[in-house]
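Q: I'm new to this one, so please pick a single spot where two pieces pack together and take me through it slowly. After that, tell me what else I should look at around the chain.

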Amino acid sequence: MRNCFLKRFLQISSSSRFLNSSRRNKVSAPFIDKEDETAESLRENPGFSYGLNWGLAGKGVIVKDKAFQNLKSSELLAKGATIAETLSGLPLHVRGTLGGNSTISKAQYSKLLKQVTTHISSISNIFVHDGAIGLSPESDAKVRVISDSPSAILSLSSVLWETPTRAVSHDSCPLTVYTATSISTAVEDIIGLGAQGNNGFIAADIERSSLILCGKAFADINGTKLALTALSEPVIFARGGLPLSARLLVSCNSVVLLFAPENAIRSYSDLLVSADAGVVLFPQGVAPLFQTKKLGGINPYRIPSAVILATSDSSGTIPSISKLSPGQVAYHFLAGYQNGEFVPAYAKGSSSIGVLDLAKTLLSKLKQYQVPTFLVNVDGGVKNITGKDLVKLVTSEKVAPFRLKGGDLQRKYNAFLSYKFQDIPEEFSF
């Protein structure tokens, strides 16, 4: 079977009459030196590359006619791309997260992947885009998008960071995103998912490091980012980066790492680098998971000058602002207390990394970098302040250490954490 597959690929490749129109400073496919064709040959034969075709074949996609790689926005528009209307709330199926109930089985995902790769292989012109999640060459997650539509590439290229030449093809565990915009809606019934609506659905498999966007799902940017976050977390973490459900506030020379509930974020929009929750902390600095226009150039921000955990407590038990030790940060990060409810690690959904592992690593990083850390009660006298006001608060030398104003909140914290997690380190403290 495998020999027949490769034979079919070689037959198609040898009969094709075009070359890859790869953009400068983009990546190449593995094993085949042919993808290093000269710029002149690429210009003369746009749409074909033995190396790229071989790399796509390794992902189950056989190029029927042409494959265009890393086209600029203007080139995608010339190929018929249109700016899609933004969608939200499409069905999202993620297999392999911790603590989450998978709504798609391994067998279903395998069957779906076969349907999608067969569909893309039947399309005359396919489009490929290479990028990255995170902004550190050492600890980011490389991504290759394979699509039957230039419109999907146009949309997703604004999400991913640019990546250097050959980075994706030479990466040990790149993520693969398949977008099948014109696949039949009958695929839902074929794999046994049932009706998924008229606009398509999103399916991801952590084990396979792959994401499938069916129909118009590529236009659901928030859902796509959630799936990409889940896929990239284990890769980034294994490479020494720390993926966190946090945001960045930047003012002059101050870079603040902020953990906060969604309802508090609007107040800090004046200094937010991105409204999306998702950053990577790594030895060289910190950066958003996904591309944002507010980050000039391609360099990450330096190590944060402060870390803020925002909590919500309208009872008056938690002070408006207080200073925390690294051990207290890990404890409150693990709890994520918000007015009677606990949101571990401030994460909206299930993670593919253990929350306790994230807390332990955060503790280690804070001690290593000696970053000042604070707990801010957004329901305790610091309501409706701007991001600039928040930065001023934490740079003040008058902030007192954390101390409750009575009540039994500490008992509630302890009860929740002892039930939720086993073997919490002694260094974690309320």
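A: Let's start with axes: these are lines fitted to C-alpha atoms, for helices over the stretch in contact, and angles run from 0 to 180 degrees between N-to-C directions. Now find helix α10, residues 326-335, and helix α13, residues 409-420. Their axes come within 10 Å and cross at roughly 75°. That makes α10 roughly perpendicular to α13 (angles of 65 to 115 degrees get that label, under 35 is roughly parallel, over 145 roughly antiparallel, and the rest oblique).

Who does the touching? On the α10 side, Y331, H332, L334 and A335 make the contact, and on the α13 side Y413, N414, F416 and L417 do (contact means heavy atoms within 4.5 Å). Sort the residues of this contact by kind and you get six nonpolar, two polar and no charged. Here Ala, Val, Leu, Ile, Met, Phe, Trp, Tyr, Cys and Pro count as nonpolar, Asp, Glu, Lys and Arg as charged, and the others, Gly among them, as polar.

Keep in mind that this is a predicted model, where local features need pLDDT of at least 70, side-chain atom pairs count only at pLDDT 80 or more, and totals for chains, interfaces and linings use all residues. Residues are numbered from 1 along each chain as its sequence is written, and side-chain values use heavy atoms, with hydrogens and water left out.

Follow the chain past α13 and you come to D423, which sits in the segment after that helix. D423 isn't a glycine, yet its phi is positive, at about 60°. With a relative accessible area of 70%, D423 is exposed (over 50%; buried is under 20%, partly exposed in between, using a 1.4 Å probe and protein chains only). Y346 also has a positive phi of about 60° without being a glycine. You'll find Y346 in the loop between β16 (341-342) and α11 (355-369), and at 8% relative accessibility Y346 counts as buried.

Now step back. The chain has 430 residues, of which 55% count as buried, and its secondary structure comes to 13 helices and 17 strands (DSSP runs, H or I of at least four residues for helices and E of at least two for strands, numbered from the N terminus). Take the contacts between residues at least 6 apart in sequence: 74% of them join residues at least 24 apart.

For an example of distant parts meeting, look at S110 in helix α5, residues 106-121. S110 and R208 are 98 residues apart along the chain, but their C-alpha atoms are separated by 9.5 Å. S110 itself is partly exposed, at 26% relative accessibility. One place on from R208 in the numbering is S209, in the loop between β6 (200-205) and β7 (210-215). S209 counts as buried at 16%, and beyond its neighbours within four places in sequence, S209 touches P174, L175, T176 and L231.

D171 is a loop residue too, between α6 (150-156) and β5 (175-180). D171 is buried, with 16% relative accessibility, and its contacts outside the four-place neighbourhood are K142 and R239.

Last, the cysteines. C173 is partly exposed at 28%, while C252 is exposed at 77%. The whole structure holds zero disulfides (a disulfide being a pair of cysteine sulfur atoms within 2.5 Å).
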